[in-house]
Amino acid sequence: MFMSHLPLLGWFMRTSGCLFVKQGDSRSIKALFDGSLRYLEHERTSIVMFPEGRSNSSISGSLLEFKKGAFYLSYCTNAPIIPVAVQCTYPLYSWKDYRFKRNYIIRIRVLPPISTEHLTEEDIPTLIANTRDDIQKASISQAQHHLL
């Protein structure tokens, strides 16, 4: 939820239709899931979700555990998952000065789509683990490539 309060970025996210969740608030989480489900069913378009569920302050780029919401939503709508590896962005924003740093390069890699059409609900934990592993490997690869 803190993202919604960031200068400029929070405003941009709110005006572009981003939905925010209050961590630990089950009503907020359910409202986010229900709103996303309705949107996907009616619009049949893409949505972006961050499966870590919160900002990751890891400088090494290691991922937090993924929450199941995005994957369950994909399963419910048979929508494919398009994994995206984003190189560690935590240093991009100065929490001390409350502003973005200049001249910061963000590396992004879009991975192959993952179909959810023939999955069962029991497949979701494996889907989460495999997707997280793929994104983690791509992130490490990006970091190593950057050092070369």
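In this predicted model, the largest nonpolar core comprises eleven residues. Its members are L63, F66, F71, I81, A85, L111, I124, L127, I128, I135 and A138. Helix 4, spanning residues 124-147, gives the most to this core, with five residues.

I124, a member of the core, also has contacts with aromatic side chains' parent residues F71, Y72 and Y75. Residues up to four places away in sequence are left out of that list. Of these partners, F71 belongs to the core as well.

F71 lies in helix 3, which covers residues 69-77. Buried positions in this helix are F71, L73, S74 and T77. Viewed down the helix axis, the buried residues of helix 3 fall within an arc of 160 degrees, so they line one face of the helix. N78 follows helix 3. The phi of N78 is positive, near 60 degrees.

A second nonpolar grouping lies on the surface. This patch is formed by I82, V84, V86, Y104, I106, I108 and V110. Together these residues have about 570 Å² of accessible area. Two strands each supply at least two residues of the patch: strand 1 (84-86) and strand 4 (108-110). V110 lies in strand 4. V110 is exposed because its relative accessible area is 56%, above the 50% cut-off. Strand 1 covers 84-86, and A85 within that range is part of the buried core, whereas V84 and V86 are in the surface patch.

Technical notes: Residues are numbered from 1 along each chain as its sequence is written. This is a predicted model: local features need pLDDT of at least 70, side-chain atom pairs count only at pLDDT 80 or more; totals for chains, interfaces and linings use all residues. Side-chain values use heavy atoms; hydrogens and water are left out. Patches are made of residues with over 30% relative accessible area and no salt bridge: like charges are joined within 9 Å, nonpolar side chains (Val, Leu, Ile, Met, Phe, Trp, Tyr) within 5 Å. Accessible areas come from the Shrake-Rupley method with a 1.4 Å probe; for residues, only the protein chains shown count as cover. A salt bridge is a side-chain nitrogen of Lys or Arg within 4 Å of a carboxyl oxygen of Asp or Glu. Helices (H or I, at least four residues) and strands (E, at least two) are DSSP runs, numbered from the N terminus. Buried means under 20% relative accessible area, exposed over 50%, partly exposed in between (1.4 Å probe, protein chains only). The arc is that of the directions from the helix axis to the C-beta atoms. A nonpolar core is a set of buried Ala, Val, Leu, Ile, Met, Phe, Trp, Tyr and Cys residues joined through side-chain atoms within 4.5 Å. Contact means heavy atoms within 4.5 Å.
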